[in-house]
Every structure is written in C-alpha cells, then in structure tokens.
Amino acid sequence: MSILSIENLCKNYGRVQALKGVSFSVAKGTVFGILGPNGSGKTTMLGIIMDILQPTSGTYKLFDEQPDETSRRKIGTFLETPNFYHYLSAQKNLEIAAALKERGANDIPRVLELVNLTQRKDSRFSTYSLGMKQRLAIASCLLGDPEVLILDEPTNGLDPVGIAEIRQLIKQLHQQGKTIIMASHLLDEVEKVCTHVAILKKGELVVTGDVNEILANEDIVEIGATDIQQLETIIGTLHGYSNKKIQDKMIQLFYPVGTTDVESINRHCFNNGITLNHLQLKKKSLEAKFFELTN
Amino acid sequence: MIKLLKIEWMKIKSYNAFIVISSFFALGIFASNYLAYYFKKNVIDPADPTGLISSGSPFGFPNVWQTVSYYSGLMLLLPGLLLLILVTNEFTYRTHRQNIIDGISRTQFTQVKLLMAGITALICTVLVFVAVLLFGFFVNTGSFSFSGIVNVWYFFLKALTYNCIAILIGVLVRRTGFAIAVFFIYTFLENGISLLLLVWAINIKKNHNIDLGNMGNYLPMNAADGLLYSPFATFTNMARKFLPSDYTWLVLALAFIYLALFYFWTQRRMLKSDL
C-alpha cells in the first residue's frame with residue numbers, strides 16, 4: 001500500500017513557482033526523507049498534503065484514497081513550527097490535540113515522558129524554550145501511536161543530545177513498522193535516518209529512490225605522472241572504478257565506497273611502465289554529492 | 001459539532017481575556033441599565049415633572065423589554081471583541097493550521113467559530129432576559145407582560161450581527177491588534193455614514209416627497225441597531241413627520257441578508273485561501 005502518492009503537484013505564489021509538477025510515492029514502512037535546500041518547496045508540499053495550502057494543480061492521495069480530515073487524523077504531523085496555545089500548559093495543549101485527533105487522550109503521560117517534558121507539563125507553552133516547544137510538537141505527533149508520522153525539520157532548534165534522541169526515536173519507530181516522512185535540509189540527517197529520499201531543487205524533483213543508491217558516497221583516487229597521456233592509456237585497462245575525470249596533470253578515479261585498492265592501482269601503473277608521482281585517496285563528502293545533485 | 005464545541009471550550013475556559021471581557025459584559029449589562037434607571041429617576045424626572053422628555057416608566061412592564069434590550073445593546077462591542085480576539089489568536093499562534101492538520105476540516109473550523117458567535121449571542125440574550133425580569137419586578141410599576149418581548153429577539157439579532165462581523169474581520173485581517181482597530185474604525189465609520197444617509201433620506205423626503213425610509217439602517221451594523229429604538233427618543237418622536245418611515249420589515253430582511261453574507265464570506269475565505 002502506498003501511504004502517500006503525489007501526482008504532478010504544482011504551487012504558484014503569484015509569479016513564483018514553488019512546486020513544478022512534483023510526483024512520487026511513499027511506500028508503507030519506509031523512512032522517507034524529503035531533502036532540499038531552503039526554499040526548495042519541501043514545506044509547501046507538506047502543507048498541501050495537510051490541506052493548509054491550496055495546490056495550483058495536481059493531485060495527491062493518502063492511504064490510496066482521496067484525502068480528508070479522517071485520513072489526516074491517522075497521521076502525526078509536525079509542520080514547520082510548533083503551533084500551540086501560548087496561554088495553556090503542555091498538558092492542556094495535548095488534551096486539545098488528542099480531542100482533535102480523536103485518539104491519544106490516555107497517551108499524554110507516555111508521550112510527555114518520551115520527550116522529557118513530564119516535569120514541565122503544567123507550565124505555560126509561552127514559558128518554553130525553542131527546544132522544549134519542538135519536543136512538545138513531537139510529543140503531540142506521537143499521541144495515540146499513529147502508524148504514519150510527517151515531520152518537517154524535526155531536529156530544528158534542538159541541542160546535540162536532543163538531535164541524537166530524536167534521530168534514535170525515528171529509528172525505533174521505523175523498527176516498529178511505522179512510516180515516517182521527514183523533510184530536512186540536513187543531508188547527514190537524511191542519510192543517517194532515512195531509507196528512501198526525494199531530492200527537491202527550486203520546486204522540481206531532482207531524483208527519488210533508495211537512499212543508499214542516491215546518496216552513495218564515492219571514494220576518489222587521484223593519480224598523476226609525468227606522461228599523463230600514457231597514464232590515461234594504461235588506466236583504460238584498469239578495472240573496478242565507476243568513472244574517471246582528467247584534471248590538468250591529474251586523473252581522478254571514482255570507486256564505490258570501500259572498494260578502492262590503492263596498492264593495486266600503483267602496481268598496475270608500475271607494471272605498465274608508469275611511475276606515479278602522485279597517488280592520493282580522497283573521500284567524497286556528502287555535501288559535495290548534495291551540491292552535485294542540486295546545482 | 002458537540003465535539004468541536006467542547007474543544008472550543010477547552011481553548012477558552014482558562015483564557016484570561018475571556019474571563020475578564022465576559023465579566024465586564026455581564027456586569028456592564030446590569031450597570032448600564034442601572035445607570036439609565038438612576039439617571040431617569042434622579043436627573044430627568046425632577047427636571048421634567050410634566051414628562052415632556054420622557055413619560056411613563058421605561059423600567060416597568062411592558063416598556064422594560066425595550067429599555068433593557070436597548071441599553072444592553074450598547075455593550076455588544078465587548079462580546080464581539082472577545083470573539084475577534086479568539087479568532088485572531090488562532091492565526092497568531094498558527095493553531096488554525098494545527099487544528100486542520102490534526103484532523104478537522106476547514107469547513108468545521110469556520111462553522112464552529114460561527115456557532116460560537118450564535119451561542120455567545122444566545123448567552124447575552126439570556127442575560128438580557130434576566131436583567132429585564134430583575135428591573136421589571138424591581139421597579140414594579142405595571143403588571144408583568146410579554147408585550148414588547150420582540151425587543152429581546154431584536155437584541156439577539158443585533159448581538160449575532162456584531163459577533164459575525166467580528167469573526168469576519170478576524171478571518172480577513174488575522175492580526176489581533178490590526179483587527180481590533182479595523183473593528184472599531186468600521187463601527188465608527190458605519191455610524192457616520194449611517195447618519196449621512198439619514199440626512200440624505202430626510203432631504204429626499206422633504207424636497208421630492210419620496211419616502212425611502214431611514215437609509216442609515218440599511219448598512220450591516222445599523223440594520224441590526226435600527227430594530228432597537230431608544231426608549232427616551234422623545235425628540236425623535238416629535239419630529240416623526242419630518243423623518244423617513246421606519247420600514248421594520250425591510251431592515252429585518254436586510255439584517256438576515258447581511259448575516260447570510262457574513263456566513264458565506266467567512267466560509268469562502270477559509271475554504272479558498274492558504275492558511
């Protein structure tokens with residue numbers, strides 16, 4: 001079953017096209033990351049799915065059905081900012097959320113404990129720090145143990161311990177079989193937490209699929225020799241690399257992570273009459289990959 | 001809808017502004033009427049022994065229905081203000097978005113606010129009804145009578161109109177301070193324009209002998225206001241033949257038309273816009 005399917009979704013704000021015909025689907029049981037730089041349309045897309053923004057064109061389905069408030073009730077959603085009544089306590093805000101969701105009224109102590117807010121449950125929301133507000137929003141999502149969670153930048157404003165806790169929580173929920181759709185501009189967050197990813201750039205879908213395939217890191221081996229042309233010729237008979245680039249007096253060889261054997265490259269060149277004057281193994285950073293995909 | 005009303009109650013029962021404004025309104029109804037009663041008894045009556053300005057007993061039955069409804073109507077900006085704040089709070093805290101995300105429809109969100117306008121108007125009307133009985137039996141100059149109870153119904157209509165205007169302004173403007181300013185400026189402006197329209201209608205009647213009625217009462221707030229007359233309108237009564245007629249049926253019909261307009265405009269705004 002598809003939890004979410006989006007078909008050719010477009011959204012214009014006046015002349016600005018925030019989403020340009022985005023289509024993809026999210027399968028049950030996945031942790032699906034929506035990755036993109038600021039302003040790429042992640043929150044706009046989630047806003048449309050949650051019916052707080054009107055699409056210019058295109059359709060979407062939740063649980064393979066036309067979406068309505070009943071389908072939204074089955075999802076724990078945290079979108080953009082923690083939205084609560086400032087004059088009410090965490091406890092009372094969660095009581096309202098549970099009443100709206102029609103589930104989780106008895107679950108409030110558990111979710112407050114889960115996000116370490118039990119001690120402050122009777123404090124007004126307006127007295128909370130940004131991190132506490134964020135944690136309360138996550139607690140509200142978890143009310144009634146929903147099968148699907150939609151989280152927009154869930155670790156925003158959290159301290160390093162809080163970030164680690166939330167990521168651990170997402171992994172635990174995934175192990176329990178929950179489906180999690182998570183928007184983030186943090187590449188390493190998506191890489192650490194998600195099983196699948198859709199990358200957005202200026203409102204367009206760049207790529208979607210398995211996170212290990214799309215965000216796979218590559219090892220780069222840089223080699224150099226006095227006779228670069230001969231070096232290029234003998235590299236043609238070398239196996240194992242996926243791609244090569246020639247830069248000035250240097251050749252870059254791209255290998256899947258962990259498959260690089262620098263010694264054998266050196267031996268291959270030497271056996272073919274080339275003495276290398278430069279041999280260096282580099283790790284391609286995730287950031288470089290991200291820039292490659294989104295630029 | 002009962003579920004949604006319970007949720008609205010959860011939102012407001014601990015809200016200080018709700019407690020303060022409601023208390024002011026409830027006290028204001030009794031205080032404003034008592035003030036009018038006191039003024040009539042201790043200022044007007046001694047100065048006007050012949051009853052030229054005001055004759056009869058405005059706080060005795062059956063006049064008390066009109067008197068209390070009229071003076072209580074002067075307090076109706078308060079519940080309107082409260083509803084305005086409650087609606088704009090949702091936009092300020094962005095909880096209108098969260099309510100919809102968590103599982104109610106845009107239609108339900110709007111309908112429960114408009115239902116709150118109706119319930120608030122009803123509670124205000126019950127208070128007025130109680131005030132009528134208290135003053136009527138307290139002054140006790142005539143036997144109990146339901147004659148004139150239609151004024152309480154007009155009060156309800158006026159309260160509902162004010163509340164719906166407040167909700168519409170809240171939904172359109174969204175920011176609390178700005179919305180409150182728009183609400184009061186609109187009230188002030190409409191009353192000014194209403195007065196100009198009345199003068200125009202008087203001139204048309206005088207110069208062309210065409211009676212278009214009190215055109216000031218054809219505007220949204222004044223349509224509801226125009227149904228409730230001041231019990232001390234002696235000078236207005238004396239000048240009656242120069243004034244345009246009061247087409248009560250027309251004003252009543254307009255009041256209903258405006259209410260329907262407010263309802264559909266509020267709904268449309270919430271259904272069609274980005275939240």
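**Close-up 1. Helices H6 and H11 of chain B cross in a right-handed way.** This view, like the others here, comes from a predicted model. H6(B) covers residues 106–139 and H11(B) covers residues 248–272; their axes come within 9 Å and cross at roughly 150°. On the H6(B) side, the touching residues are B:Arg106, B:Thr107, B:Phe109, B:Thr110, B:Gln111 and B:Leu114. H11(B) answers with B:Tyr263, B:Thr266, B:Gln267, B:Met270, B:Leu271 and B:Lys272. Sort that contact by class and you get 5 nonpolar, 5 polar and 2 charged residues.

**Close-up 2. Helices H3 and H7 of chain B pack with their axes 8 Å apart.** Here H3(B) is residues 64–73, H7(B) is residues 150–173, and the angle between them is about 15°. Angles under 35 degrees count as roughly parallel, so H3(B) is roughly parallel to H7(B). The crossing of H3(B) past H7(B) is right-handed. From H3(B), look for B:Trp65, B:Gln66, B:Ser69, B:Ser72 and B:Gly73; from H7(B), look for B:Asn151, B:Val152, B:Phe155 and B:Lys158. By class, that makes 3 nonpolar, 5 polar and 1 charged residues.

**Close-up 3. A cis peptide bond sits between B:Phe61 and B:Pro62.** Omega for this bond is about 0°. As for where to find B:Pro62, check the loop between helix H2 (16–47) and H3 of chain B. That is the H3(B) that packs against H7(B) in the previous view.

**Close-up 4. A:Asn116 has a positive phi.** The value is near 60°, and the residue is not a glycine. A:Asn116 belongs to the loop between helix H4 (108–114) and helix H5 (130–142) of chain A.

**Close-up 5. Chain A and chain B meet at an interface that buries about 2800 Å².** Of that area, 51% is on carbon and sulfur atoms. Chain A brings 29 residues to the contact and chain B brings 28 residues. Which three residues of chain A bury more area against chain B than any other three? They are A:Ile52, A:Tyr87 and A:Leu100, which together supply 26% of what chain A buries there.

**Close-up 6. Chain A is assigned two stretches, domain 1 and domain 2.** Domain 1 runs over 2–214, and domain 2 picks up at 218 and goes to 294. Going by their C-alpha centres, domain 1 and domain 2 of chain A lie 42 Å apart. A:Asn116, from the phi close-up, has its loop between H4 and H5 of this chain.

Technical notes. Residues are numbered from 1 along each chain as its sequence is written. Chains are lettered from A and ligands numbered from 1 in the order in which they are written. This is a predicted model: local features need pLDDT of at least 70, side-chain atom pairs count only at pLDDT 80 or more; totals for chains, interfaces and linings use all residues. Side-chain values use heavy atoms; hydrogens and water are left out. Axes are lines fitted to C-alpha atoms, for helices over the stretch in contact, and angles run from 0 to 180 degrees between N-to-C directions. Helices (H or I, at least four residues) and strands (E, at least two) are DSSP runs, numbered from the N terminus. A crossing is left-handed if the near helix is turned anticlockwise from the far one by less than a right angle, and right-handed if clockwise. Contact means heavy atoms within 4.5 Å. Ala, Val, Leu, Ile, Met, Phe, Trp, Tyr, Cys and Pro count as nonpolar, Asp, Glu, Lys and Arg as charged, and the others, Gly among them, as polar. Domain bounds come from an automatic or database domain assignment. Angles under 35 degrees count as roughly parallel, over 145 as roughly antiparallel, 65 to 115 as roughly perpendicular and the rest as oblique. Buried area is the accessible area (1.4 Å probe) that two parts lose on being put together, summed over both.
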